[in-house]
Amino acid sequence: MTTAIDVSGLVKTFGRTRALDGLDLSVARGEVHGFLGPNGSGKSTTIRVLLGLIRADSGAARLLDGDPWRDLVALHRRLAYVPGDVTLWRGLSGGEVIDLLGRLRGNGQHPERRAELLERFELDPTKKGQTYSKGNRQKVALVAAFCSDAELLILDEPTSGLDPLMEEVFRGCVAEERERGRTVLLSSHILSEVEALCDRVSIIRAGRTVETGTLAELRHLTRTSVTAELAAPPTGLDALPGLHDVELEGTHLHCQVDTDRLDGLLRALTTAGVRSLTSRPPTLEELFLRRYEAVPQVAPEAAPEAAAEEAPEAAPGAAAERAS
Amino acid sequence: MNLAGASTLLRFALRRDRIMLACWLYALIGSVAGTAVSFGKLYPSQSSREQLAQSINSNGSLRALYGSVYDTGSTGALTAWRMLGLGGLLLGLLCVLLVVRHTRAEEESGRLELIGAGAVGRGAPLAAGIGAAVTASALVGGVNAVVLLAMGQQVAGSLVFGAALFGCGVCFAGVAAVAAQLTGTGRAANGIGGAVLGLAFLLRACGDAAGSTGPGWLVWLSPLGWAERVRPYDDNAWWLVALLIAAGGAQLALGYALAGRRDLGSGLLPQRPGPPSAAPSLRGTVGLAWRLQRGTLLGWAFGFAVGGAMLGGISQGVKQLISSSANVEQIVQRMGGSTGVVDSYLATSMNLLAMVAAVYAVQATLRLRGEETSGRAEPVLATGVGRLGWAGSHLLYPLLGSGALLLVGGLTAGLGAGVALGDTAGWTGKLLVGALVQLPAVWVFAAATVALFGLRPQWTAAAWSVLGVWLFIGYLGPALNAGQWLLDLTPFTHVPKLPGGSFHVAPLLWLTLISAALAGAGLAGLRRRDIG
């Protein structure tokens, strides 16, 4: 009863492309869960499986203790979804779309909350369909989702196209949802947003989950950046395990250290005498970049060879060969 | 206006459309060539052609459909009489679709913004769309002229026939160039273009049906009328070809002027704001489908009311038929398949209405695929709506909407026939039955579309080709002496020919069963497949 979303070993192929390659995702009830990954890594595909729009080739997916494919309608009444690219009907005004989506979900909307959200998002509900800009179309879908009574919100890159002020409004709304005990799955590649909003994070690449946990846990698994001014040049640094990117100029040291090896480094530094010390946990940005630095510039799917070097069993190139 | 990049865009447009264009060109050239060959066989002698001319010219309804036969001197003249109007209409339709597709539809999708940001002149997309239409027109006109020349027809007549077809294409490309500036959507621009085409056909038909005794001048209000009056192999009125091209050119100039005055993405017709909240009727998928489909349905219903009234109203002309040619009577017999000539004509008219209703049924069904590919289906299906409920709400329109269209068409045809022939109540009843009995055949087209949509979604648009082939066989097959086995493949062959024919319920049941099976297979496929 405590998990809202439980996905394991999800595989989905489109022709020769392996969009999901054994993806795992677990979201607890009442948490805001960040779903991070570069373009084309499989975030939207996962969400479409969860919504029962497409069927996975293999693996298990549970959503609110139901089967997303079989119990589709019953589950959909309990969730609200904001697509990453909102298209509206040309003849329908924004206000009509908001009401329609609420009625189609069938569990009612709060008129006061609707009016309040329209005001907060500064959205004119009388404009029609495609006369809205991209950001305003996004707002129509967001208002429809936030004024619903859904237990679970599935938001697929919801802030693409929103200006910074509106992003702030959006963050406020998500925080309120969390206070009300609702579950939010927030797919994004805007790291500051995820860092500010999410309790737990899953990072995926090439259709696989590569990291999952709270931000603190993820930081623990990675490196801390250390800058120190020492009394004398340190000795024995070469023998220390878990040390990276060492820049030593006389008594000035800058390095990265695996967080669970921090003790050893500090001992070596105090031996030399510490004048000043700055240690900073990695930002999500650094976590993210570290996960992807092996695959520079291009999306993982586009660079199967590079991915293969890092994790042969996860390489889409190899998978495609198996599939063909 | 700056046209930089237009030639690149034109090549790109022709490349994108290469398959669609090839199909259209094949149909437009093949039908002219096929008609010419067939006429050569059916009316080999001067006297047989004169008999045909006499019987057509003395019959208002046939004059309305095809125009008057003006020259019996050659097979070429007969071919030009029969195919210039129809060919001009179809080529005009192709040109409207092409121009809108490469201008307003691209702009609506946002793709033109990407292109417009490049080193591309403001007028270049319009020029490319026009270029594609002119290229297609030149090919259709040119190849058809060559075909007729190769069949040994007069040089001047063959050339002016091709040129008149070309002129029709250019003229309606101009219509589309203006329409694309007025509206905000490709669909609405196509609607304006289609309405102008329909009006041009109606004016030409009414003028020809009225003949010298009535308002024959109506013909001169229609570009299709001008094309008809070019009279290849007889008058060879090049000045009318020049008039068609000049009319096209003037509209193109207007289109360019308008394009230079508006913003990218906007139309010149104003957009009104909508209501801030939804009316109680906008509820559930049925309410949504009604909102999305009602405008199209009402437009078609208006067309059916006018078309039905016209078809019924000219039925008195049929009475004057002089069946002096065994061949003509044979054709009429084959098309109507029954004894009374008026009955036969009206039964054919009801069949014609049903073919048009099939176009509506396919269009209304394809809306499902449009909703899916545009991404608008996704948020709907992510609410408490099942796939079958969603699809079913739209399928009400091919199922019942096409019935409503046949009802309207049959009703106004009956009233028109009643005014023309007397016994309004009797004719109205007969023609309502005659129209509605076609409904199961119309359903087969919609059901075939559903089957494609559910089982092979990426091929859904092929429904148009299925429809085109079936209609082509149904419309021209009987006149061209096609084999019965070929006609048997089309659903409309099996529908009772009413009024006049005998009513059998079995074929209607079969057609309904086939429709149900096709639609059922499609819906079963839809339940299993991926969306999007």
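In strand β6 of chain A, the residue that Ala80(A) has as its bridge partner is Leu153(A), where strands, like helices, are DSSP runs numbered from the N terminus (E, at least two residues, for strands; H or I, at least four residues, for helices). This is a predicted model, in which local features need pLDDT of at least 70 and side-chain atom pairs count only at pLDDT 80 or more, while totals for chains, interfaces and linings use all residues. Residues are numbered from 1 along each chain as its sequence is written, and chains are lettered from A and ligands numbered from 1 in the order in which they are written.

The pair just named belongs to β5(A) and β6(A) (residues 152-156), which run parallel and are joined by four bridges; two strands count as paired if DSSP finds at least two bridges between them. They are part of an open sheet of six strands in chain A, with the order β5-β6-β7-β3-β8-β9 and mixed pairing. Its edge strands, each of which pairs on one side only, are β5 (79-82) and β9 (208-214) of chain A. On average, neighbouring strands of this sheet are turned by 15° against each other, direction ignored, the axes being lines fitted to C-alpha atoms (for helices over the stretch in contact) and angles running from 0 to 180 degrees between N-to-C directions. Helix α1 of chain A (residues 43-50) packs on this sheet, where it touches β3 (32-36), β6, β7 (183-188) and β8 (200-205) of chain A, and its direction makes about 145° with that of β6(A); touching here is contact, that is, C-beta atoms placed from the backbone that lie within 7 Å.

Chain A also holds an open sheet of four strands, in the order β11-β12-β10-β13, with antiparallel pairing. Here the edge strands are β11 (243-249) and β13 (274-280) of chain A, each pairing on one side only. Seven bridges link β10(A) (residues 223-230) with β12(A) (residues 252-258) in the antiparallel sense, and within this pair Thr224(A) stands opposite Val257(A) of β12(A). Helix α9 of chain A (residues 262-272) packs on the sheet and touches β10, β11, β12 and β13 of chain A, its direction making about 5° with that of β10(A). Taken as a whole, chain A has twelve helices and 13 strands, and 43% of its 324 residues are buried, a word that applies where 20 or more other C-beta atoms lie within 10 Å of a residue's own, with exposed meaning 12 or fewer and partly exposed in between, all C-beta atoms being placed from the backbone.

Where the chains meet, 32 residues of chain A are in contact with 29 residues of chain B. Helices α2 (72-76) and α3 (94-105) of chain A each supply at least two residues of the side of chain A that touches chain B, and α3(A) gives the most to that side, with eight residues.

The largest nonpolar core (a set of buried Ala, Val, Leu, Ile, Met, Phe, Trp, Tyr and Cys residues joined through C-beta atoms within 7 Å) has 228 residues, and those with the most contacts inside it are Val143(A), Cys95(B), Val99(B) and Ala176(B). Helix α9 of chain B (residues 155-182) provides the largest share of this core, 18 residues. Apart from it lies another core, of six residues, among them Leu230(A), Leu253(A), Val257(A) and Leu265(A).

In chain B, Ala227(B) is found in helix α11 (residues 223-229), and this residue is buried because 32 other C-beta atoms lie within 10 Å. Leaving aside residues up to four places away in sequence, Ala227(B) touches several residues, including Leu84(B), Gly88(B), Ala164(B) and Leu244(B).

Further along chain B, the 35 residues of α18(B) should span 51 Å at 1.5 Å a residue, and its end C-alpha atoms are 50 Å apart, which agrees; the expected span is 1.5 Å times one less than the number of residues. Helix α18(B) bends by about 35° at His394(B), with a proline, Pro398(B), following within four residues, the bend being the angle between axes fitted to the seven residues ending at a residue and the seven starting there. Just after α18(B), Gly422(B) takes a positive phi of about 85°. The buried residues of α19(B) include Trp427(B), Leu431(B) and Ala435(B), and the buried residues of this helix pack against α13 (284-313), α16 (341-373) and α18 (387-421) of chain B.

Technical notes:
Two residues are in contact if their C-beta atoms, placed from the backbone, lie within 7 Å.
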